[in-house]
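Biologist: I'm new to this structure and would rather get to know one part well than skim the whole thing. Could you pick a spot, take a close look at it, and then work your way inwards from there?

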Amino acid sequence: MPKLDESLLRDIPPFRRLETRAIREILDQAVPRRFDAGDAVFREGHEATRFYLLLDGTIRVMRTTPTGEQVISLHIPAGQLFGIAAALGRDTYPATAHCAGECLTLSWPMSLWQAFVARYDGFAEEGYKTVGVRVSEMNQRIMELATRRVEQRIAGALLRLVNQTGRKVEGGIEIAFPITRQDISEMTGSTLHTVSRLLSQWEKEGIVTSRRKHVTVTDPHRLVVIAEG
DNA sequence: TCATTAAGTATGC
DNA sequence: GCATACTTAATGA
């Protein structure tokens, strides 16, 4: 296998402050892998043997309810660590990680987490910062579920997705992975019918455009106005 | 204000 | 041509 290039990690926050030699050491211990859309990288409750860096794609974090339903917990954009159970003091994964589209990852044995934290400047801070951002996002969603109307929650969810994974296209910002109305309804505690109805309405009003499994926000500001109610 | 039901059309392997 | 994605209207909690 060819050696991985140092430029892969150079601009990614947990590694940004490291010297080339340190990045080389880290890469030499990494296992690269490609996943197809829908593949599970790891599953909830399984022993947390490795932690991951998402090089490309989007990860959909799913939790299973007591009745066996899968609900979308959050999405993780490219460039972030995930499956970092060791940072949470756990030895099993707290959720299942599905690939929302095609994904490229690097992974390391979880036993290296403590070594990385001890040896590499800035690695620990970035890891815990990542955890903090995710916790606050989940809190924001819990607040929304309790206090906002469906229309506001769906607008908020779309804004979060374009902020995290959006890529510029002509006429707007497109959510960078395949997403269905069913997916959006699961993220917002709604139904696919309500999401469909709202997207159709917003399309008429020039706020979004969509086709099968693709959503583009054309007027983010008006979506913000809707989200804030 | 929304979910649910129902009955359709559109899309892509 | 089949399964999946999506739309729309009607009904009622």
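**From the DNA into the protein**

Modeller: A polar side-chain atom of Arg-212 lies 3.2 Å from a base oxygen of DNA strand B. That is a polar contact, meaning a pair of N or O atoms within 3.5 Å; within protein, one must be able to donate a hydrogen and the other to accept it, and residues adjacent in sequence count only if both atoms are side-chain atoms. Before we go on, keep in mind that this is a predicted model: local features need pLDDT of at least 70, side-chain atom pairs count only at pLDDT 80 or more, and totals for chains, interfaces and linings use all residues. Residues are numbered from 1 along each chain as its sequence is written, chains are lettered from A and ligands numbered from 1 in the order in which they are written, and side-chain values use heavy atoms, with hydrogens and water left out.

Back to the DNA. His-193 also reaches a base: an N or O atom in its side chain is 3.3 Å from a base nitrogen of DNA strand B. Thr-194 goes for the backbone instead, with a polar side-chain atom 2.5 Å from a phosphate oxygen of the strand. Along with Arg-212, these two belong to the group around DNA strand B, which also includes Arg-149, Val-150, Gly-189, Ser-190 and Thr-191. To be near the strand, a residue needs a heavy atom within 4 Å of it. Seen from the DNA side, 69% of the strand B atoms within 4 Å of the protein belong to sugar or phosphate, and the rest to bases. The protein surface here has five polar residues, two charged and one nonpolar. For these classes, Ala, Val, Leu, Ile, Met, Phe, Trp, Tyr, Cys and Pro count as nonpolar, Asp, Glu, Lys and Arg as charged, and the others, Gly among them, as polar.

Now for the empty spaces. Rolling a probe the size of a water molecule over the atoms shows where empty space is left. The search uses a 1 Å grid over the protein atoms alone: a cavity is a set of points where a 1.4 Å probe fits but cannot get out, a pocket is an open set with protein on both sides within 12 Å along at least five of seven lines, and lining residues have an atom within 4 Å of a point. Grid points are joined across faces, edges and corners, and a volume is the space filled by probe spheres set on the points.

Two cavities come to 30 Å³ or more. The second largest, at about 40 Å³, is lined by Arg-141, Glu-144, Leu-145, Arg-153, Met-187 and Thr-188. Three of its lining residues, the largest share, come from α4. (Helices are DSSP runs of H or I with at least four residues, strands are runs of E with at least two, and both are numbered from the N terminus.) By class, this lining has three charged residues, two nonpolar and one polar.

Arg-141 and Met-187 turn up again in the largest cavity, where they lie nearest the centre together with His-75, Glu-137 and Arg-160. This cavity holds about 100 Å³. Its lining draws at least two residues each from β5 (70–77), α4 (123–147), α5 (150–165) and α6 (181–188), and α5 gives the largest share, five residues. Nonpolar and charged residues number five each there, beside four polar ones.

Helix α4 carries on into the open spaces. About 390 Å³ lies in the largest pocket. Its lining has 20 residues, with Val-61, Leu-88, Pro-94, Ala-95 and Arg-134 closest to the centre. Two or more of the lining residues come from each of β4 (58–64), β5, β7 (96–99) and α4, and α4 has the largest share, four residues. The lining splits into 15 nonpolar, three polar and two charged residues. In the second largest pocket, about 160 Å³ in volume, α4 again supplies the largest share, four residues. Among the residues lining that pocket are Pro-13, Pro-14, Gln-80 and Lys-129.
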